[in-house]
Amino acid sequence: MELGPFSELLLIVLIHCGETQEIPKVVASINPNEPVFMGENVTLTCGIGKGEGVYNLQYHWKKEGSVTPVSNEMEYSISSVEQFHAGNYICEVKDSKGSTDSLASNAVSLTVFATPEATVTVWPGSPVFTGESVTLKCEVAGYNGWKYEWYKFKTITSSWTSVTPSENYTVKGYSLSIREDAVVDREAYRCRGVRYHRPSTTQYSTSATIITKALPRVTISVDPQSPVFTGESVTLKCEVKDYDGWTYQWYKRNNLNQWIVLLQSVHYTVNRDTITISRDAVVNGEQYRCQGKRHDRPSASQYNNVTLTVKGAALTGNPVTLYCKLKQSAGWRFYWSKHTQNPENETSTATSSYTISSMTPSDEVKYRCRAGRGNPVYYTHYSDVLLVKVTERPKPVVNIKPDKLIFERETVTLICNIQGGGDTSWTYSWYKDGYKFNLCSRSQQCKIRSITEANSGKYTCIGQRSDSQSTETSDALTLILSSAAQAVLSVFPQSWLTEGDTVTLTCEVRGSSTGWTFSWYSDNQKLLSNSSRGAGGSYTVSSAAINHTGVYMCRAERGEPAYQTQYSNQQPLWITGISPRVSLIISPSITQHFSGDSLLLRCEDHSGSTGWRVRRYTDIGRVSDCSSGWGSVTGSTCTISSLFTAHTGVYWCQSESGGSSNPVNITVQVSGESDSQAPPSMLRLLSILLPASLFLIVLIVLGVRCYSARTKPDVHTRSYTLREAETLA
């Protein structure tokens, strides 16, 4: 019996398998065995069940609906799967000898999903205005756990480059923020998502192109139009034609080349879109700018600047020279007239200049000139009309810093202020007692360092413009020097306090009022400096404690370099506990004594503690212990064997920890001096009055008895008198 080709295949397979009872099975598998995403790799494998050892077999992979094999390998790998790869696949196996019979596998299905797509949104929306930052947001619909990559298109290389966090770019979560000065018009960005699970990436988003637009520009109008004459006020108007709802902010460039905000003040009147500059604040060459602001986008406009051109008007009483320019050769005579004046009234000069010696308001008019020569005279055309404006001649005022009361060695600054004339177009001349003071020539501020008596006198100033116009002479400021400044210290409400009380020390400089800064000292140790400026400063202890007990002083300083006053008077403060643990006992127990008396001072402790010592503060302004020489110490007792007037002072007990008793004020005066406020001691008073009283009583009794003896000289009376006399004896 002959075997057909397929039967031969089966026989070969069976022989190779070593078994004859089972027909081999072709098995097709796919990895991954689940839907895949575009761009992933897929492997289809064809295997023979229980026939793994079979050789010389042919494999053909076919896609459903196609007779042409897509692969002749046992494994069919597809890299970067596309949508057209989707479908059902089977594997056919046959003998390599050319048999037409084959075994077919089961069908495996390849399902291809589109890769998730990222989308980019831009905030703020297009257009982006100059000066705005931009935030891009990357989103992926479906699935979770995405991280995001950002790319920017480089026009130079025509390629996409990765965007990483830097000074210009901030990457946070799904957003990319671009700093305002890094935003470029028509620059394109895109993003994609990446993660650890399938799908591991998304498609790149469509590119987002940033479109930028310049901020609206403001326009500034000036009234009156340039040039502005000295003495005129100026109104600036700011306007933005695009969009609505604008408010305006005005700025001025200062001497440090900084733009400062202008607010309503004495010199500036702000009214919505206009600002009016007062006549005394209008200065030639000063720059102003404005900017529009609103709540919606765009939130601001561009800045716009304007520079004021101020032309000096003639000042009353000053001369003015007019010039008539003519390019022709010599031989011309010049004719001057007012614009409305009849030519017959022209004034002629041989030169091209005409001087009005002293301007008056009537001279404020438009002038014109022309030239003529020959006989008969040939005249040129009239020149353009020139307006000559006349304003009142200002009078400067001399001010002084820091104060009209000046102390020797202080630094003084005199300032020449010209009302209505600004300060940038003037030069200044200074005079002392009517003579030119060259130390401060041409400067508005005249600084005199370490002033002495030789600098006393009367100071005046005059301002001159670049066109030789000058002000009046200022009134004189008299500079008078005082002796060294003295600080005075006072205390309120009192010097003796209880813990928790509030006490305020006040320091002031007598006769002076401005510019002082004050420093405070306790027991010669500096406490603090405050920023009080003016006639006086204060140092307040809101809750006094025992350790605040001490002697206080103050001093003041002002100016640059700093000028310091002398130290103030000394002011002691005593603070005792609410329930003092110790009392100062004095013997004799009086507070007013005479020189030569002895005095015993004892610290009597109520709590049984030790370490107390007697201290005092005297008129010479120092605190000392009994052991320093003015007394002898035995335990907590201080003995003064002989008092002197120098012992007058305040005495108290104090422990090493800072506790103290109530203070006692003891006064010592010279023995024999009368003092209505200091009566003699009780012992001295008794020693004087007692003998005098006994002597007076004896005199009175004897006088009565003598008188009785003279008026009744009988026996009975005499015997009574004798008995009485005996009794007295």
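**Exercise 1. Find the residue in β63 that stands opposite Thr 618, then place the pair in its sheet.**

Step 1. Look across from Thr 618 and you meet Gly 649, which belongs to β63. Strands here are DSSP runs of E with at least two residues, helices are runs of H or I with at least four, and both are numbered from the N terminus.

Step 2. Now widen the view to the two strands. Strand β59 covers residues 613-618 and strand β63 covers residues 649-654; six bridges join them, and they run antiparallel. Two strands count as paired if DSSP finds at least two bridges between them.

Step 3. Add the other strands. The order β57-β64-β63-β59-β60 makes an open sheet of five strands with mixed pairing. At its edges are β57 (592-594) and β60 (623-625), each of which pairs on one side only. On average, neighbouring strands of this sheet are turned by 30 degrees against each other, direction ignored. The axes behind such angles are lines fitted to C-alpha atoms, for helices over the stretch in contact, and angles run from 0 to 180 degrees between N-to-C directions.

A word on the model before going on: it is predicted, so local features need pLDDT of at least 70 and side-chain atom pairs count only at pLDDT 80 or more, while totals for chains, interfaces and linings use all residues. Residues are numbered from 1 along each chain as its sequence is written, and side-chain values use heavy atoms, with hydrogens and water left out.

**Exercise 2. Work out which strands stand at the edges of the sheet that holds β20 and β25.**

Step 1. Read the order of the sheet: β20-β22-β26-β25, four strands in an open sheet with antiparallel pairing.

Step 2. The edges are β20 (219-223) and β25 (268-271); each has a single partner strand, so one side of each is left without a neighbour in the sheet.

Step 3. Check the turn between neighbours, which is 15 degrees on average, direction ignored.

Step 4. Zoom in on one pairing. β20 and strand β22 (residues 234-239) run antiparallel and are joined by five bridges. Within this pairing, Ile 220 has Cys 238 of β22 as its bridge partner.

**Exercise 3. Say which side chain makes a polar contact with Arg 555, and describe the surroundings of Arg 555.**

Step 1. Locate Arg 555: strand β53 (residues 550-558).

Step 2. Look for an opposite charge. Arg 555 is buried and has no salt bridge; Glu 557, the nearest side chain of opposite charge, is 6.6 Å away. Buried means under 20% relative accessible area, exposed over 50%, and partly exposed in between (1.4 Å probe, protein chains only). A salt bridge needs a side-chain nitrogen of Lys or Arg within 4 Å of a carboxyl oxygen of Asp or Glu. For charge, Lys and Arg count as positive and Asp and Glu as negative, while His and the chain ends are not counted.

Step 3. Find the polar partner: the side chain of Tyr 567, at 3.1 Å. A polar contact is a pair of N or O atoms within 3.5 Å; within protein, one must be able to donate a hydrogen and the other to accept it, and residues adjacent in sequence count only if both atoms are side-chain atoms.

Step 4. Beyond four places in sequence, the contacts of Arg 555 include Ala 487, Cys 507, Phe 518 and Tyr 567. Contact means heavy atoms within 4.5 Å.

Step 5. Compare Ser 568, in the loop between β54 (563-564) and β55 (571-576). Ser 568 is buried, at 6% relative accessible area, and among the residues touching Ser 568 are Ala 487 and Cys 554.

**Exercise 4. Determine which parts of the chain are tied together by Arg 198 and Glu 34.**

Step 1. Confirm the salt bridge: the closest N and O atoms of Arg 198 and Glu 34 are 2.3 Å apart.

Step 2. Arg 198 sits in the loop between β17 (187-194) and β18 (208-210), and Glu 34 in the loop between β1 (25-31) and β2 (36-37), so the pair ties together parts 164 residues apart in sequence.

Step 3. Check exposure. Arg 198 is partly exposed at 33%, and Glu 34 is partly exposed at 42%.

Step 4. Turn to another salt bridge, Lys 62 with Glu 92 (3.5 Å, N to O). Lys 62 lies in strand β4 (residues 57-63) and Glu 92 in strand β6 (residues 87-95), 30 residues apart. Both Lys 62 and Glu 92 are buried.
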